[in-house]
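Q: Please take a close look at one helix of this structure and at the helices it packs against. A connected description for a newcomer would be welcome.

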Amino acid sequence: MIRAPAHTHRALAIAAHVLFWMSLYVYVPVLPTYARDLGASLGMVGLIVGAYGLTQLLLRIPIGVWSDRVARRKPFLIGGMLANAAGAAALALSPVAWLLVLGRAVTGLGASTFVIASVHLAEFFPSRTVARATGIAVGLSAASQVVIMLIGGAVAEVSTVAMTFWVAVGLGVVGVAVLLPLPDHARPLQEQPPRVQTLARAGTQRSTLVAAALAALLQYAQFGLTFAFVPLWADSLGASNFDLGLLATVAITANGLGALVLVGAGARLNGRLAAVVGFALTAVSSLLIPILPSLAVLIVVQGIGGFGRGLVFPALMAHSIERAAPAERATAMGVFQGVYALGMFLGPVSAGVLGEWLGLERVFVLIGALMVVGALAAIRYVAHTDDRL
């Protein structure tokens, strides 16, 4: 049997990673209005959106532990890709708004396997370049989301919103086909599966918990700013719907660029420095918002904040698994992603409450202050090791 070269497997793994995110995000720009057209209230729209994060909050840690116990990655990835496709089909076929909650929850199940996807992609890179591989994973996810959301909006414009769901189904099916020829990096048969106690230790290591807590703080800012408060502030500055889309696109694009800069910096930038600089840029971008004179400047500042978050996230992701053995990495990554999913869920919810209570200006200041806390915590708790990025 002819074995494919390593670079071919790496290319297929990257392609699968791109298809994974595209199948999840092609319909995201138009899902809320689609739900409203089906009669959803604002509360129902929030529930539809929240179901995606809630499923991940509940499932990411168990999926990571299960993957390490059975020493398999590919079956979980194939299952996740199929869940992406099945959830999108449910969205397309839902005759009433409340059924969209079920469809979005199923896509959240698919997204939960990102805990495996990131580890799986890293396994196609040399073991000493874990941070570089995670940086590539984050950069690819951001780039995939930006491109496919623009395509999804165009598809909805020239066809129907339902067509974007079927595009997602097709992307998921193609993703399965790309995954099938990839090796699984299974544990040798003579090795015993890691004990539950060992996996528990892997998931509760200080480096993993520190990275998870800081990532939750970062996601709180990401969802509280990009998806909640900044659009409202931009609207007060006279932003059109196109401007609001541009704000999100700039922030996400800059996020991916930050991750790619982290990859390209290599030995010149360590994880602690990346986290501190990234949190600081996010803090500055949030603190400046109440005094910005125009929408154009707001867009630039959002790019700066997105770039900062792109530096922080892959550095924290690498920090979460750097002390875990290969057979325990999915568990550590599951804890990391499960905890930061809490920030995804709580960010927009609590942001709305705080906005009503304090006003938008003070909320921007509060989020900026939390990012300063994140920078100080990174200085104190993120290890400065010789394992460079």
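A: In this predicted model, the protein chain has 15 helices and zero strands. Of its 389 residues, 55% count as buried. Among the contacts in the chain with a separation of 6 or more, 87% are between residues 24 or more positions apart.

The helix chosen here is H4, which spans residues 74–93. Two packed helices are described by the angle between their axes and the distance between the axes. For H4 and helix H5 (residues 98–112), the angle is about 165° and the axes are 7 Å apart. An angle over 145 degrees counts as roughly antiparallel, and therefore H4 is roughly antiparallel to H5. The two helices cross in a left-handed manner. On the H4 side, the contact is made by Gly 80, Ala 83, Asn 84, Ala 86, Gly 87, Ala 88, Ala 90 and Leu 91. H5 contributes Leu 100, Gly 103, Arg 104, Val 106, Thr 107, Leu 109, Gly 110 and Ala 111. By class, the contact of H4 with H5 comprises nine nonpolar, six polar and one charged residues.

One residue of this contact, Gly 80, merits separate attention. Gly 80 lies in helix H4 and has a relative accessibility of 1%, so it counts as buried. Leaving aside neighbours within four places in sequence, Gly 80 is in contact with Gly 110 and Thr 113. Phe 114 stands 34 residues from Gly 80 in sequence, while their C-alpha atoms are 8.3 Å apart in space.

H4 also packs against helix H8 (residues 161–179), at an angle of about 165° and with the axes 8 Å apart. By the angle, H4 is therefore roughly antiparallel to H8. Here too the crossing is left-handed. From H4, the residues that meet H8 are Lys 74, Leu 77, Ile 78, Met 81, Leu 82, Ala 85, Ala 88, Ala 89, Leu 91, Ala 92 and Leu 93. Their counterparts in H8 are Ala 162, Phe 165, Trp 166, Ala 168, Val 169, Gly 172, Gly 175, Val 176 and Leu 179. This contact of H4 with H8 has 17 nonpolar, two polar and one charged residues. Ala 88 and Leu 91 of H4 take part in the contact with H5 and also in the contact with H8.

Another helix pair may be set beside these. Helix H12 (residues 271–288) and helix H13 (residues 295–321) pack at about 155°, with their axes 7 Å apart. The angle makes H12 roughly antiparallel to H13, and their crossing is left-handed. Among the residues that meet are Gly 271, Val 277 and Phe 279 in H12, and Val 301, Phe 307 and Arg 309 in H13. The residues of the contact of H12 with H13 comprise eleven nonpolar, six polar and one charged.

Aromatic rings complete this account. A search of the whole structure finds six aromatic pairs. One of them joins Trp 233 and Phe 364 edge-to-face, at 5.6 Å centre to centre and with 90° between the planes. This pair links distant parts of the chain, 131 residues apart, with Trp 233 in helix H10 (residues 206–236) and Phe 364 in helix H15 (residues 360–381). Trp 233 is buried, with a relative accessible area of 12%, and Phe 364 counts as buried at 0% relative accessibility. Elsewhere, Phe 20, Trp 21 and Tyr 25 form one aromatic cluster.

Notes
Residues numbered from 1 in each chain as written. Predicted model: local features only at pLDDT ≥ 70, side-chain atom pairs only at ≥ 80, totals over all residues. Heavy atoms only, no water. Axes fitted to C-alpha atoms, helices over the stretch in contact; angles between N-to-C directions. Helix = DSSP H or I, 4+ residues; strand = E, 2+ residues; numbered from the N terminus. Parallel < 35°, antiparallel > 145°, perpendicular 65-115°, else oblique. Left-handed = near helix turned anticlockwise from the far one by under 90°. Contact = heavy atoms within 4.5 Å. Nonpolar A, V, L, I, M, F, W, Y, C, P; charged D, E, K, R; others polar. Phe/Tyr/Trp six-rings, centres within 6.5 Å; stacked < 30°, edge-to-face > 60°. Buried < 20%, exposed > 50% of the residue type's maximum accessible area, 1.4 Å probe, protein only.
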